[in-house]
Amino acid sequence: MSRLLARPNVKLFNAVAAEDLIVKEGRVGGVVTNWALVSMNHDSQSCMDPNVMEAKVVVSSCGHDGPFGATGVKRLKSIGLIDSVPGMKALDMNAAEDAIVKLTREVVPGMIVTGMEVAEIDGSPRMGPTFGAMMISGQKAAHLALKSLGMPNALDGTFVGGVHPELILAAAESADIAET
């Protein structure tokens, strides 16, 4: 983690919650954030101005129940960009592992869902104690983001050597390449 955080283009925001999405002409273009404690107590304190972070692509992975669970897809539903968020089904590790990877995708222009947010939007089983699919889902989301930005990626065969090894899709060497 420290090697990742040492990169010049990486920022870690601790105790921050995504409260809203920036949407322009039907495309997600960033997130609106605030301190988590402020977000949880809007009705008990005076307003604090949020922070706006624009992005060419947003990757959302905040599934699970809770005050910030599935924030992205719940907001997409409330503004009419998607029809439903059925929530995750009961735990079934075998089915969940495959579903989380297979269903990782760009759900609306500019927003990719991965990890537990996939289970929330598709009603697939929640994950169990095996998190291999969580990692592969995140890798697939990274390659979807690269593809969205017009960069070389493992999903459309444009990946070339010289890119950091962590950008190689986990199963890219075999016939078990994650489906798009």
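Which residue stands opposite Ile22 in strand 2? Before I answer, please keep in mind that what we have here is a predicted model. The residue opposite Ile22 is Gly30, and this pair belongs to a stretch where strand 1, residues 16-24, and strand 2, residues 27-35, run antiparallel and are joined by eight bridges.

Let me stay with that sheet for a moment. Strand 1, strand 2 and strand 3 form an open sheet in the order 1-2-3, with antiparallel pairing. Strand 1 and strand 3, the latter made of residues 51-54, are the edge strands, and each of them pairs on one side only. From one strand to the next, the twist averages 30°. Helix 3 packs on this sheet, where it touches strand 1 and strand 2, and its direction makes about 40° with that of strand 1.

Now to the other sheet, which is also open and consists of three strands, in the order 4-6-5, with mixed pairing. Strand 4, residues 58-60, and strand 5, residues 105-108, have a single partner strand each and therefore stand at the edges, with one side of each left without a neighbour in the sheet. Neighbouring strands here are turned against each other by 40° on average, if direction is ignored. Strand 5 and strand 6, the latter being residues 111-113, run antiparallel and are joined by three bridges, and within this pairing Arg105 stands opposite Val113 in strand 6.

Helix 3 comes back at this point, since we should also look at how it is placed on this second sheet. The helix, residues 71-78, lies across strand 4, strand 5 and strand 6, and runs at about 125° to strand 6. Which residues of helix 3 are buried? They are Thr71, Gly72, Val73 and Leu76, and what covers them includes strands from the sheet 1-2-3, namely strand 1 and strand 2, together with strand 4, strand 5, strand 6 and helix 5, residues 116-122. Just after helix 3, Gly80 takes a positive phi of about 80°.

Finally, I would like to turn to the surface. Met1, Leu4, Leu5 and Leu12 make a nonpolar surface patch of about 420 Å². Leu4, one of these residues, is placed in helix 1, residues 2-5, and with a relative accessible area of 41% Leu4 is partly exposed. Because patch residues need over 30% relative accessible area, Leu4 with its 41% passes that cut-off.

Conventions
Residues are numbered from 1 along each chain as its sequence is written. This is a predicted model: local features need pLDDT of at least 70, side-chain atom pairs count only at pLDDT 80 or more; totals for chains, interfaces and linings use all residues. Side-chain values use heavy atoms; hydrogens and water are left out. Two strands pair if DSSP finds at least two bridges between them. Helices (H or I, at least four residues) and strands (E, at least two) are DSSP runs, numbered from the N terminus. Axes are lines fitted to C-alpha atoms, for helices over the stretch in contact, and angles run from 0 to 180 degrees between N-to-C directions. Contact means heavy atoms within 4.5 Å. Patches are made of residues with over 30% relative accessible area and no salt bridge: like charges are joined within 9 Å, nonpolar side chains (Val, Leu, Ile, Met, Phe, Trp, Tyr) within 5 Å. Accessible areas come from the Shrake-Rupley method with a 1.4 Å probe; for residues, only the protein chains shown count as cover. A salt bridge is a side-chain nitrogen of Lys or Arg within 4 Å of a carboxyl oxygen of Asp or Glu. Buried means under 20% relative accessible area, exposed over 50%, partly exposed in between (1.4 Å probe, protein chains only).
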